[in-house]
Amino acid sequence: MTQPPFPNTRLRRLRATPALRSMVRENALSPSDFIWPVFVMDGTDASEPVASMPGVMRHTVDRIGAAAKEAYALGIPAICVFPYTGMEQRTEDCALAWSPDNVANRAIRAIKDAVPDIAVMTDIALDPYNINGHDGFVENGQIINDRTVEALVKMALTQADCGADILGPSDMMDGRVGAIRTALESAKHQNVTILSYTAKYASAFYGPFRDAVGASSALTGDKNTYQMDPANSDEAMRLVARDLSEGADMIMVKPGMPYLDIVRRVKTEFGVPTFAYQVSGEYAMIQAAAQNGWLDHDAVMMESLMGFKRAGCDGVLTYFAPAAAKLLNG
Ligand code: PBG
């Protein structure tokens, strides 16, 4: 890039007024950029706060339709369902994971009944149902890949049968996207999309989420044999190529803010629909600092979300979705 030297070039000229700044603004945020992750639990007519995620509630299934209506009215196009499961619901065979009557699948149906036009996204991994909190079956201390993929396919088909629009395999097993895609095709679910958690890192930023879904006390050991090493970037590109070749429609990078370099590489190198997850720990950091009066909540929330757009995201999974949409709608 060539530009004449000062004073012919004065870059402050275009920053001088709100009108000029808005003319040259390169990115914009809209409520349609957000996917809102919600937590659902058993019971009736109840909501409870998630202690480590101030402002986030778990809702019973009968309340989730109303939350979806509110989101849709704000212009949020998609909602992502995560189940809270107690220790008593977890088993070694994880059978509840593919039951059409588990709390997540009941929530999918409740949301589609309440707001047929909102897109419902799911999570595909065994961790809410597994006695040891892992995303895959554990045998002799090892996470077993291929047997887990068979279970994930059953989960995926049940979710699709319940009306899910977007399946989110978050387990990081090899071969799961292809297996799910093949099964969807055979079951005539050609239009069900897959937003793959493609570059999902083994991150300490998931801590508050594991509280939210009841996994903290269940998890034995770490997820380092299946989630990615935070030191790696080229490996993420191999995973993107692999997931696209297996039939993923959209790609996710997770966590978000510490991994925006990965988002940029995915967008530049592949040019496919790219999403990032501003995860629970990122949300909790901002909320905690704002509660202490150390950061301006709304300003930091919007700046963080704009960072995702600038990095190349087509959308962001964020617990801030309703609050940010309200601000954007004025
Ligand atoms: C589970 C799953 C996790 C998150 C989404 N799906 C946690 C994990 O992998 O341990 C994290 C989301 C967040 O932290 O907000 N497969």
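# Notebook: pockets, cavities, helix contacts and backbone

**Entry 1, the largest pocket.** I began with the open spaces and noted that the largest pocket holds about 380 Å³ of space. Of the 24 residues that line this pocket, I listed those closest to its centre, which are Ile143, Asn224, Thr225, Tyr226 and Gln227. I keep in mind throughout that this is a predicted model. When I looked up which elements give two or more residues to the lining of the largest pocket, I found β7 (142-144) and α7 (234-246), and α7 has the largest share, with three residues. I then sorted the lining of the largest pocket by class and wrote down nine nonpolar, nine polar and six charged residues.

**Entry 2, the second largest pocket.** I turned next to the second largest pocket, whose volume is about 310 Å³. Its lining consists of 18 residues, and those I marked as nearest its centre are Trp36, Gly55, Val56, Tyr319 and Pro322. The elements that contribute two or more residues to this lining are β1 (34-41), β3 (57-60), α2, α9 (280-291) and α11 (321-329); β1 gives the most, with four residues. By class I recorded 12 nonpolar, four polar and two charged residues in the lining of the second largest pocket.

**Entry 3, the enclosed spaces.** Which cavities does the model hold? I counted two cavities of 30 Å³ or more, and the largest of them has a volume of about 190 Å³. There are 20 residues in the lining of the largest cavity, and the closest to its centre are Phe82, Asp127, Lys200, Phe209 and Lys254. I looked up the elements that give two or more residues to this lining and found β4 (78-83), β9 (193-200) and α6 (207-212). The lining of the largest cavity divides into 10 nonpolar, three polar and seven charged residues.

The second largest cavity holds about 70 Å³ of space, and I wrote out its lining in full: Val81, Pro83, Ala104, Asn105, Ile108, Thr122, Asp123, Ala125, Pro128, Tyr129, Met155 and Gln159. At least two residues of this lining come from each of β4, α3 (103-114) and α4 (145-161), and α3 gives the most, with three residues. My tally by class for the second largest cavity is eight nonpolar, three polar and one charged. I also noted that β4 supplies two or more residues to the lining of the largest cavity, as well as at least two to that of the second largest cavity.

**Entry 4, α2 against α3.** How do the axes of α2 and α3 cross? I found that the axes of helix α2 (residues 61-73) and α3 come within 8 Å and cross at roughly 45°, and α2 and α3 are therefore oblique to each other. The crossing of this pair is right-handed. From α2 the contact takes Val61, Ile64, Gly65, Ala68 and Lys69, and from α3 it takes Val103, Arg106, Ala107, Ala110, Ile111 and Ala114. I classed the residues of this contact as eight nonpolar, one polar and two charged.

**Entry 5, α9 against α10.** For the second helix pair, I noted that the axes of α9 and helix α10 (residues 297-311) come within 9 Å and cross at roughly 155°, which makes α9 roughly antiparallel to α10. The crossing of α9 and α10 is right-handed. On the α9 side I listed Glu282, Ile286, Gln287 and Ala290, which meet His297, Val300, Ser304 and Phe308 of α10. The contact of α9 with α10 comes to four nonpolar, three polar and one charged residues.

**Entry 6, backbone details.** I closed with the peptide bonds and the phi angles. Phe6 and Pro7 are joined by a cis peptide bond, with omega about 10°, and Pro7 has its place in the segment before α1 (18-24). The peptide bond from Lys254 to Pro255 is also cis, with omega near -5°; I placed Pro255 in the loop between β10 (250-254) and α8 (260-270). Lys254, I noted, is among the residues closest to the centre of the largest cavity. Where does Asn140 lie? I located Asn140 in the loop between β6 (137-139) and β7, and I recorded that Asn140 has a positive phi of about 50° although it is not a glycine.

How values were computed:
Residues are numbered from 1 along each chain as its sequence is written. This is a predicted model: local features need pLDDT of at least 70, side-chain atom pairs count only at pLDDT 80 or more; totals for chains, interfaces and linings use all residues. Side-chain values use heavy atoms; hydrogens and water are left out. On a 1 Å grid over the protein atoms alone, a cavity is a set of points where a 1.4 Å probe fits but cannot get out, and a pocket is an open set with protein on both sides within 12 Å along at least five of seven lines; lining residues have an atom within 4 Å of a point. Grid points are joined across faces, edges and corners, and a volume is the space filled by probe spheres set on the points. Ala, Val, Leu, Ile, Met, Phe, Trp, Tyr, Cys and Pro count as nonpolar, Asp, Glu, Lys and Arg as charged, and the others, Gly among them, as polar. Axes are lines fitted to C-alpha atoms, for helices over the stretch in contact, and angles run from 0 to 180 degrees between N-to-C directions. Angles under 35 degrees count as roughly parallel, over 145 as roughly antiparallel, 65 to 115 as roughly perpendicular and the rest as oblique. A crossing is left-handed if the near helix is turned anticlockwise from the far one by less than a right angle, and right-handed if clockwise. Contact means heavy atoms within 4.5 Å.
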